[in-house]
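Here is a short report on one protein model. Keep the sequence and the 3D view open as you read.

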Amino acid sequence: ISSAKDEVGTKIGAALEGSGARVNFADIVKDAAALSKEAGTKYESVAVSGQIKKSTERLAAALDSAGVLAPDGTISLSDLATQRRSIANMAYGSAARSETASADYLRRFERTIESKIVDALETGGAAKPDAFGGILRQQGAGNAAAKAEYLALKKEYQMYSLAEKVAEHGA
């Protein structure tokens, strides 16, 4: 099961890398700020709001230290997916079980990043204004087939992950 899961994971990485699409990191920061503000208002909790801010800061620091943030402020889908997994580990990990509000917002942040990846696969990546006020697309053709392939591979990966857990812990 593990080897099949790893093989699918490799295919996912190749699909993301091969797309050539990129995501504007500023868009992710904006989404995180909105979630942080909502958490602070909804739960009147500085802790939950702070957790989201810390996650965003960790993400930015990780991207910077890894040298994967381009001078134009974009990040490749494969690099973004790696960071998304880190956030998912925090959101779904054992520490998250004790802080349901924080975990909930980390999960939403993780899903926000995932939606950016899926959208970029379909559209071809980050849009940038040109000198005449129009929109230029960065490299990466993007299409519905790339999105469908990625989603199918993700579903297959999740099924292998579940099968692996069942085999490990029993039904």
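Helices (H or I, at least four residues) and strands (E, at least two) are DSSP runs, numbered from the N terminus. This is a predicted model, in which local features need pLDDT of at least 70 and side-chain atom pairs count only at pLDDT 80 or more, while totals for chains, interfaces and linings use all residues. Residues are numbered from 1 along each chain as its sequence is written, and side-chain values use heavy atoms, with hydrogens and water left out.

**Overall layout**

The protein has seven helices and four strands. Their order along the sequence is α-β-α-α-β-α-α-α-β-β-α. Of the 171 residues, 38% are buried (under 20% relative accessible area; exposed is over 50%, partly exposed in between; 1.4 Å probe, protein chains only). Contact means heavy atoms within 4.5 Å. Among contacts between residues at least 6 apart in sequence, 70% join residues at least 24 apart.

**Two residues to look at**

| Residue | Helix | Relative accessibility | Class |
|---|---|---|---|
| Gln83 | α4 | 15% | buried |
| Ala144 | α7 | 48% | partly exposed |

Gln83 is in contact with Leu59, Ala62 and Leu63, leaving aside neighbours within four places in sequence. Ala144 lies 26 residues from Val118 in sequence, yet their C-alpha atoms are 9.7 Å apart in space.

**The core**

A nonpolar core is a set of buried Ala, Val, Leu, Ile, Met, Phe, Trp, Tyr and Cys residues joined through side-chain atoms within 4.5 Å. The largest one holds 28 residues. Leu16, Ile28, Leu59, Phe109, Ile113 and Ile117 touch the most other members. Helices α1, α2, α3, α4, α6 and α7 each give two or more residues to this core. The largest share, seven residues, comes from α6. Leu16 touches Leu77, Ser78, Ala81, Ile117, Leu121 and Tyr150, not counting residues up to four places away in sequence.

**Where α6 meets α7**

How do these two helices cross, and at what angle? Their axes (lines fitted to C-alpha atoms over the stretch in contact, with angles from 0 to 180 degrees between N-to-C directions) come within 6 Å and cross at roughly 140°. That makes α6 oblique to α7, because angles under 35 degrees count as roughly parallel, over 145 as roughly antiparallel, 65 to 115 as roughly perpendicular and the rest as oblique. Helix α6 contributes Glu114, Ile117, Val118, Leu121 and Glu122 to the contact. Helix α7 contributes Ala144, Ala146, Lys147, Tyr150, Leu151 and Lys154.
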